[in-house]
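Me: I'd like to learn how to read helix packing and charged pairs in a model. Can you walk me through it?

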Amino acid sequence: PAVATIWAEDGHIFLSDALLAGPLRPLAAPYAGYLILLPRVISGIVSLFPIGWASGLLAVSAALVVSALSAHVFVASRELFVTSWARSVLAAMVLLLPAAGWESLNNVTNLQWSLILPALLGLLVPTAAGVAVGAVVVFIGVTTSPVTLLFLPLAVHRLLRLPARG
């Protein structure tokens, strides 16, 4: 059913804005007082395709983003967990997102909830590659989900603990 329907805000807000104003103009437009960037980027891309493809493209895009976030959690958590079993469980939490329920899966509006754990992990990974990927995930998280702003004290703490470069 996810590829045959368009979730509420996916179509009513994000896709319609992209169809009416073009794929780029709505990127900085707030919704409900928040900059929800990732759904707007995806909707902008989807707006370039035939409208009949929109429901499938939105659902598949959301599923791909959640899968990529889960893979990020699995790879990045190797610095925090020794066993692949623990890393797999953590990554599965992103895929399954128990609080979302079936009605919230595969829509771009609710990607904000899938970004919370990967954004937190992005602030905890100590390796250089992990910091680079983590920074991208945190940026996407902060510009999509206002909840990730709760991690700001952790980000400031990590920044203040960086070793001095001489």
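Reply: Let's take the helices and then the charged pair, bearing in mind that this is a predicted model.

Me: Fine. How many residues of helix α2 are buried?

Reply: The general idea comes in handy here: an α-helix has 3.6 residues a turn, so residues three or four places apart point the same way. Now the case at hand: α2 spans residues 37–46, and eight of its 10 residues are buried, which leaves this helix mostly covered. The buried set is Leu37, Leu38, Pro39, Arg40, Ile42, Ser43, Gly44 and Val46.

Me: And which helices do the buried residues of α2 pack against?

Reply: They pack against α1 (8–21), α3 (54–76), α5 (111–114) and α7 (128–144).

Me: There's an arginine in that buried list. How many salt bridges does a search of the whole structure find?

Reply: One. To read such a pair, look for a side-chain nitrogen of Lys or Arg within 4 Å of a carboxyl oxygen of Asp or Glu. Here the side chains of Arg40 and Asp17 meet at 3.0 Å, N to O. The pair links distant parts of the chain, with Arg40 in helix α2 and Asp17 in helix α1, 23 residues apart.

Me: Are the two partners buried or exposed?

Reply: Buried means under 20% relative accessible area. Arg40 has 4%, so it counts as buried. Asp17, at 25%, is partly exposed.

Me: Let me try another helix. Which residues of α6 are buried?

Reply: In α6 (residues 116–124), they are Pro118, Ala119, Leu121, Gly122 and Leu123. Their cover includes α3, α4 (84–96), α5, α7 and α8 (152–160).

Technical notes
Residues numbered from 1 in each chain as written. Predicted model: local features only at pLDDT ≥ 70, side-chain atom pairs only at ≥ 80, totals over all residues. Heavy atoms only, no water. Buried < 20%, exposed > 50% of the residue type's maximum accessible area, 1.4 Å probe, protein only. Helix = DSSP H or I, 4+ residues; strand = E, 2+ residues; numbered from the N terminus. Contact = heavy atoms within 4.5 Å.
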